[in-house]
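Let's take a walk through a structure and look at how a protein holds on to the molecules bound to it. Have the picture open and follow along.

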Amino acid sequence: MQEYSNLNLVEHPLLQRDLTILRDKDTDQNLFRIALRRVSSILAFEISKGFKVDTFEIETPLETTTGYKLAQEIVLVPVLRAGLSMVNAFLEIIPEAKVGHIGIQRNEVTLEPIDYYYKTPKNIDRAKVILLDPMLATGGSGAAALNFLKNRGAVECIFACLVASPQGIRKIESVHPDVKVYAAALDRTLNDKGYILPGLGDAGDRTFGTL
Ligand code: PRP
Ligand code: URA
């Protein structure tokens, strides 16, 4: 797997179980959302292992001891729509995080990303920014979202996705070599419509019932 210097493939038995639920074409919208949320929790735990902490003194009921707090502001940025389904799981584990939003939709024919909405917190230059999007297919949407975040001053970005394709990983590696991609699965390839194989279909449509 070290073929990709920017990929951190997260391995966990519960991820494999939930990815099976997500991939199954017969999984309904409710179960799909629940499994997506659980996978996002595991990704959030894995990514947050790298967070730095500052120490300070606190008083327990018995004596003084060392307390810890996150040393850096965390900003979560879901790519609309499918990225929205990852936000709450991340916020449960990192409740102090701020949340920005980026609206990007692929043109179904050209597969080029079309952006329609941006809103991010101020001062993201000092934050650790975590881009959330379950699917990294051609990488066009992810690369465009990272361009936007860097143009707004972001310096430290991580990309959290569920399923990545080799083409998407390579695209991010070439355009944003500083960005580490965390993924729950690296799939085989893309089909001629830009869908990941074996994949799980259209994550936004399956989450929101717009199939
Ligand atoms: C999906 C997905 C990513 C993008 C990945 O969004 O959530 O944003 O496609 O494809 P890419 O790597 O080839 O750019 P989509 O455009 O379907 O929008 P939606 O979430 O609103 O359905
Ligand atoms: N977007 C999705 O939701 N799924 C894919 O397989 C590719 C892009």
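Keep in mind that this is a predicted model. Let's start with ligand 1. It has 14 residues around it, and R106, D133, T138, G139 and S141 come nearest. If you'd like to find the spot by its secondary structure, look for β6 (101–106), β9 (135–136) and α4 (140–151), since each of them supplies at least two residues of the shell around ligand 1. That shell is a mix: five nonpolar, five polar and four charged residues.

Now zoom in on the oxygen atoms of ligand 1. A polar side-chain atom of R81 lies 2.8 Å from one oxygen atom. The backbone joins in too: a polar backbone atom of A137 is 2.9 Å from an oxygen atom of ligand 1, and for a polar backbone atom of G139 the distance to an oxygen atom is 2.8 Å. How much of ligand 1 does the protein bury? Taken alone, ligand 1 exposes 500 Å², and 94% of that is buried by the protein. The space that ligand 1 takes up is the largest pocket.

Next stop, ligand 2. Around it you'll find R106, M135, A137, G194, Y195, I196, G201, D202 and A203. Sorted by class, this shell has five nonpolar, two polar and two charged residues. Here, look at the backbone. A backbone N or O atom of I196 sits 2.8 Å from an oxygen atom of ligand 2, and A203 likewise places a backbone N or O atom 2.8 Å from an oxygen atom. G201 has a backbone N or O atom 2.8 Å from a nitrogen atom of the ligand. On its own, ligand 2 has 240 Å² of accessible area, and the protein covers 89% of it.

Methods: Residues numbered from 1 in each chain as written. Chains lettered and ligands numbered in written order. Predicted model: local features only at pLDDT ≥ 70, side-chain atom pairs only at ≥ 80, totals over all residues. Heavy atoms only, no water. Near = heavy atom within 4 Å. Polar contact = N/O pair within 3.5 Å; in protein donor to acceptor, adjacent residues only side chain to side chain. Areas by Shrake-Rupley, 256 points an atom, 1.4 Å probe, with all protein chains shown as cover. Nonpolar A, V, L, I, M, F, W, Y, C, P; charged D, E, K, R; others polar. 1 Å grid on protein atoms, 1.4 Å probe; cavity = no way out; pocket = protein on both sides within 12 Å on 5 of 7 lines; lining within 4 Å. Sits in = over half its atoms within 2 Å of the grid points. Helix = DSSP H or I, 4+ residues; strand = E, 2+ residues; numbered from the N terminus.
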